[in-house]
Amino acid sequence: MGDIKSPFVIGISMIVSLVISILFFYLFHVSLNIISLSGLILALGMMIDNSIIVTENIVQYRQRGLSLEEACDQGTSEVITPMLSSAFTTIAVFVPLVFMSGIAGAIFFDQAFAVTVGLLVSYVTAIMLLPVLYKLIYSLPDSKKWINLTFKNPVNPQRLDYYYHWGVNFIFRHKTGAVALVLLAIPICILLFYQIPKSRMPEVKEYELMVHLEWNENIHIEENRQRVERLFSEVAAQTIEYTGYIGQQQYLLKRDQELSVSEAELYFKTSSPEQVTPLQKAITRWLHTAYPLAIYSFSPPETIFEKLFVTGEADIIAGLAPYHRTATPESYSIKEIENRLTAATGYKPVGIAFDKQLNIHIDHEKLLLYQVDYNEVYRILKTAFKENEVTTLRSY
């Protein structure tokens, strides 16, 4: 428009819209956080649209010869309904996000609230405050040089108008071809929709691999450690970092990492995502050869998306239970089902480890309380185990 008055008016209305939006944050007890501010920034780009639309429409009425006050009145009244429809169209996209549950719901609620408030406030500001500001600024006398500065637009508006009208006239001169092109674009869009890869969350390059390992044998913690060290030495050349949890972890707060004596949780890191798959195959070959009874599963470490949105569930989870709840499924029947699933699908489900050891912890305080001799208890247990062909007995 060649002057600094219009951007000055739009700038003031934008500042007022932001201040009022933050006031609504306070009234509705929504905190200023990364998510709500990102929603406000998203709304900021759409806030300025309302101000530009009203300002440009007022300018058009002034160019038609109307007075300043009449141009502000008619230019604003004409766009009230279209701008409201545009705001509701954008808000409707964010409304379903409010009803998401869990952490994701909390995150999207703040973002949806910020976008909704920002658009509605900017709409009210554009139709109520901006015309008043426009009239006040453009009513200033010419003696105010700082506000009457003008500059030459580097883009020739006549040239832009020429190309715009040429395009519109071309379409209406070739109506049949334009309609045919639109109809042809519909199946192309459908085809491209099925060709484009789709996922719940953005793809994150994986440099790491987690292995949950159950040896499925009656071994001691030291034997578990030695096996893990042999596995590490076997694949050390394919990794740049590795570590593991071996045996039972005595966490007080983090219960999800409680392992048994014969279990291990291993972590591997490679130098590139392409090396993860060869590493997984090498681990599988070594376990098949050295310890065929071992049961193991591979998974990438949890990303921030999985922590927030729980995207790592198994595709299919099968639960087995006997008809009589008091009974326990036999191990051979579970193995048979596992083998059938593998033969039918080609995918081997994560195996089931059967406990082959019994850990007995003797409470020494109770022995003292009831005056029971520890050596006598140990002798009785040893005799009982020998009768059941148990060869190893360790005292805790």
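Student: Is Arg379 buried, partly exposed or exposed, and what is its relative accessibility?
Tutor: Arg379 counts as partly exposed, because its relative accessibility is 45%, and I should add at once that this is a predicted model.

Student: What does the Arg379 side chain meet in a salt bridge?
Tutor: The side chain of Arg379 meets that of Glu376 in a salt bridge, with 2.4 Å from N to O. Glu376 counts as partly exposed as well, at 34% relative accessibility.

Student: Where do Glu376 and Arg379 lie?
Tutor: Both residues are in helix H14, which covers residues 374–387, and they stand three residues apart, about one turn of the helix.

Student: And which residues do salt bridges with shared partners join into one network?
Tutor: That network consists of Glu217, Glu223, Arg227 and Arg230, linked through salt bridges that share partners. Within it, Arg230 pairs with Glu223, and the closest N and O atoms of the two are 3.9 Å apart. Since the cut-off for a salt bridge is 4 Å, the 3.9 Å between Arg230 and Glu223 falls within it. Arg230 is partly exposed with a relative accessible area of 36%, and Glu223 is partly exposed with 27%.

Student: How many salt bridges does the structure hold?
Tutor: The structure holds seven. Another one of them is between Arg225 and Glu229, where the closest N and O atoms are 2.5 Å apart. Arg225 and Glu229 both belong to helix H9, residues 221–235, and are four residues apart, about one turn of that helix. As for their surroundings, Arg225 is partly exposed at a relative accessible area of 30%, and Glu229 is partly exposed at 41% relative accessibility.

Student: Back to Arg227 for a second: which ring does its charged end sit over?
Tutor: The charged end of Arg227 sits over the ring of Trp215, 5.2 Å from the ring centre, and Arg227 is also one of the residues in the salt-bridge network we just discussed. There is an arrangement of this kind at Tyr61, where Arg64 lies over the face of the ring at 4.6 Å from the ring centre.

Student: Rings, then. How many aromatic pairs are there?
Tutor: The count comes to 13 aromatic pairs. One of them is Tyr134 with Tyr138, whose ring centres are 4.1 Å apart and whose planes meet at 20 degrees, so the pair is stacked.

Student: Why stacked and not tilted?
Tutor: Planes under 30 degrees apart count as stacked, and the planes of Tyr134 and Tyr138 are at 20 degrees, so this pair falls in that class.

Student: Are Tyr134 and Tyr138 buried or exposed?
Tutor: Tyr134 counts as buried at 1% relative accessibility, and Tyr138 is buried too, with a relative accessible area of 15%. Both tyrosines lie in helix H6, residues 130–138, four residues apart, about one turn of the helix.

Student: Which residues form an aromatic cluster?
Tutor: Phe24, Phe25, Phe28, Phe109 and Phe113 form one aromatic cluster. Phe24 and Phe28 also take part in a nonpolar surface patch of about 610 Å², made together with Ile20, Leu23, Tyr26 and Leu27. Leu27 lies in helix H1, residues 5–27, and at 49% relative accessibility Leu27 counts as partly exposed.

Student: Changing topic to the backbone: what is the phi of Asn216?
Tutor: Asn216 has a positive phi of about 60 degrees, although it is not a glycine. That is worth a look because most residues other than glycine have a negative phi. Asn216 is found in the loop between strand S1 (208–214) and H9, and Asn216 is buried, with a relative accessible area of 7%.

Student: What about Gln371, and where does that residue lie?
Tutor: Gln371 also has a positive phi, about 55 degrees, without being a glycine, and Gln371 lies in the loop between helix H13 (364–369) and H14. Whereas Asn216 is buried, Gln371 counts as exposed at 74% relative accessibility.

Student: And the whole protein: how many helices and strands?
Tutor: The protein has 14 helices and four strands, and buried residues make up 27% of its 396 residues. The accessible surface comes to about 27600 Å², of which 62% belongs to carbon and sulfur atoms. Among contacts between residues at least 6 apart in sequence, 71% join residues at least 24 apart.

Terms used. Residues numbered from 1 in each chain as written. Predicted model: local features only at pLDDT ≥ 70, side-chain atom pairs only at ≥ 80, totals over all residues. Heavy atoms only, no water. Buried < 20%, exposed > 50% of the residue type's maximum accessible area, 1.4 Å probe, protein only. Helix = DSSP H or I, 4+ residues; strand = E, 2+ residues; numbered from the N terminus. Contact = heavy atoms within 4.5 Å. Areas by Shrake-Rupley, 256 points an atom, 1.4 Å probe, with all protein chains shown as cover. Patch = residues over 30% accessible without salt bridge, like charges linked within 9 Å, V, L, I, M, F, W, Y side chains within 5 Å. Phe/Tyr/Trp six-rings, centres within 6.5 Å; stacked < 30°, edge-to-face > 60°. Lys NZ or Arg CZ within 6 Å of the ring centre and 35° of its normal.
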